[in-house]
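Thanks for coming. I have one structure to go through today, and I will take it piece by piece.

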Amino acid sequence: MNKFPLPSVVFSTFLIVVCGVVSHNEVRAASAAGPATDIDPHMSMTKLRPLQPGDQSRAEAIVAAAKKAAVRYRDYRKAEADGYTIFMPEQHQNVYHFIRESSVLENKERFDQPPGLLYTKIDGPSPGFKLIGVMYMMRYGATEEELNARIPLSIARWHAHLNMCIPQQPEQRNWLMGDPTFGLNGSITTAEACTAAGGHFKPHLAGWMAHVYPFETDPAKVWSAGMGDDHGVERNSMPGMKM
């Protein structure tokens, strides 16, 4: 059997830290998190709940903490200096995730130190990255109640990227989002089909994620989940979602 080469040390470390070992019980628990019904095999999203007392104030506190954190990292070089590492920079992406592994392992109630920062790429004579938001994370086996306890489901929609087949020699192709066969837009959605194609199958990319755009003024854009909203960057950054 050929040993599958992972795309990069960053990619493999990130998946190990965030995903862990996916067990049957974790898959069942994730299914209980109430994914939407209008999704394709590469995307799962939680359903919006009715607003409950205290939800709005909780959400406002999270946005305030996210904004405080984001202001520190408008310059992506400051993020890199503080331990954030760009996730799969060799792959074309609409939104690039900078991940701080120590934040993933730290107290998950610290909204002022998000495990992920969201940037768009700036091309031209002075290339770089523009900060647009932050990302919070939960393990793939988290229940709906655990996700709601973290960020109220009446405000935010958590999402998970599913059924990803990584090709052999992934560094030689733009497979993450732009490949018709592999990755998050690919036609392969099962472990069996992935093995037949010579790929490496991941049941999910990195557990549950929630994006927050604290510099937006429209609440719908602050908590944009790419479902029928006009936050174009977020809509395009969530491959696999049917609009």
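I begin with the buried side of helix α3. The model is a predicted one. The buried residues of α3 are D55, A59, I62, V63, A65, A66, A69 and A70. Looking down the axis of α3, these buried residues fall within an arc of 165°, so they line one face of the helix. As background, an α-helix has 3.6 residues a turn, so residues three or four places apart point the same way. What lies over that face? The cover on the buried residues of α3 includes β5, residues 128–138, and β8, residues 208–212. Helices α6, at 144–150, and α8, at 219–222, are also among what covers them.

On its dimensions, α3 runs over residues 55–72, which is 18 residues. From the first C-alpha to the last, α3 reaches 26 Å, close to the 26 Å expected at 1.5 Å a residue.

Now the whole chain. There are nine helices and eight strands. The chain has 243 residues, and 51% of them count as buried. If you take contacts between residues at least 6 apart in sequence, 64% join residues at least 24 apart. The accessible surface of the chain comes to about 11,300 Å², with 54% of that belonging to carbon and sulfur atoms.

Next, the cysteines. How many disulfides does a search of the whole structure find? It finds one. The disulfide is formed by C165 and C194, with their sulfur atoms 2.1 Å apart. C165 sits in strand β6, residues 159–166, and C194 in helix α7, residues 191–196, so the pair ties together parts that are 29 residues apart in sequence. The torsion about the S-S bond of C165 and C194 is about 85°, so this disulfide is right-handed. Are these two cysteines buried or exposed? The cut-off for buried is under 20% relative accessible area. C165 is at 1%, so it counts as buried. C194 is at 0%, so C194 counts as buried too.

Staying in strand β6, there is a backbone angle to point out. N163 is placed in that strand. Its phi is near 50°, a positive value in a residue other than glycine. For reference, most residues other than glycine have a negative phi.

From there I go to the loop between β6 and α7. Two of its residues are on my list, and one of them is D179. At 7% relative accessibility, D179 counts as buried. What does the side chain of D179 reach? It reaches the backbone nitrogen of T181 at 2.7 Å. A polar atom of the D179 side chain also lies 3.0 Å from the backbone nitrogen of F182. Setting aside neighbours within four places in sequence, D179 is in contact with R173, N174, N185 and G186.

The other residue from this loop is L176. L176 is buried, with a relative accessible area of 3%. Not counting residues up to four places away in sequence, L176 touches M88, Q91, Q93, M164, G183, L184 and N185. In the case of M164, the separation from L176 is twelve residues in sequence and 8.7 Å in space, C-alpha to C-alpha. N185 appears in the contact list of L176, and N185 is also in contact with D179.

Two further positions, taken briefly. S224 is in the loop between α8 and α9, the latter being residues 232–237. S224 has a relative accessible area of 3% and is buried. Which separation goes with S224 and I155? They are 69 residues apart along the chain, and their C-alpha atoms are separated by 9.8 Å.

The last position is E101, in helix α5, residues 101–105. At 31% relative accessibility, E101 counts as partly exposed. E101 and T85 are 16 residues apart in sequence and 8.5 Å apart in space, again C-alpha to C-alpha.

To go back over the main points: the buried residues of α3 line one face of that helix. The search of the whole structure gives one disulfide, and C165 and C194 form it. In the loop between β6 and α7, D179 is buried, and its side chain reaches the backbone nitrogen of T181. That is what I have.

How values were computed: Residues are numbered from 1 along each chain as its sequence is written. This is a predicted model: local features need pLDDT of at least 70, side-chain atom pairs count only at pLDDT 80 or more; totals for chains, interfaces and linings use all residues. Side-chain values use heavy atoms; hydrogens and water are left out. Helices (H or I, at least four residues) and strands (E, at least two) are DSSP runs, numbered from the N terminus. The expected span of a helix is 1.5 Å times one less than its number of residues. Buried means under 20% relative accessible area, exposed over 50%, partly exposed in between (1.4 Å probe, protein chains only). The arc is that of the directions from the helix axis to the C-beta atoms. Contact means heavy atoms within 4.5 Å. A disulfide is a pair of cysteine sulfur atoms within 2.5 Å. Accessible areas come from the Shrake-Rupley method with a 1.4 Å probe; for residues, only the protein chains shown count as cover. A polar contact is a pair of N or O atoms within 3.5 Å; within protein, one must be able to donate a hydrogen and the other to accept it, and residues adjacent in sequence count only if both atoms are side-chain atoms.
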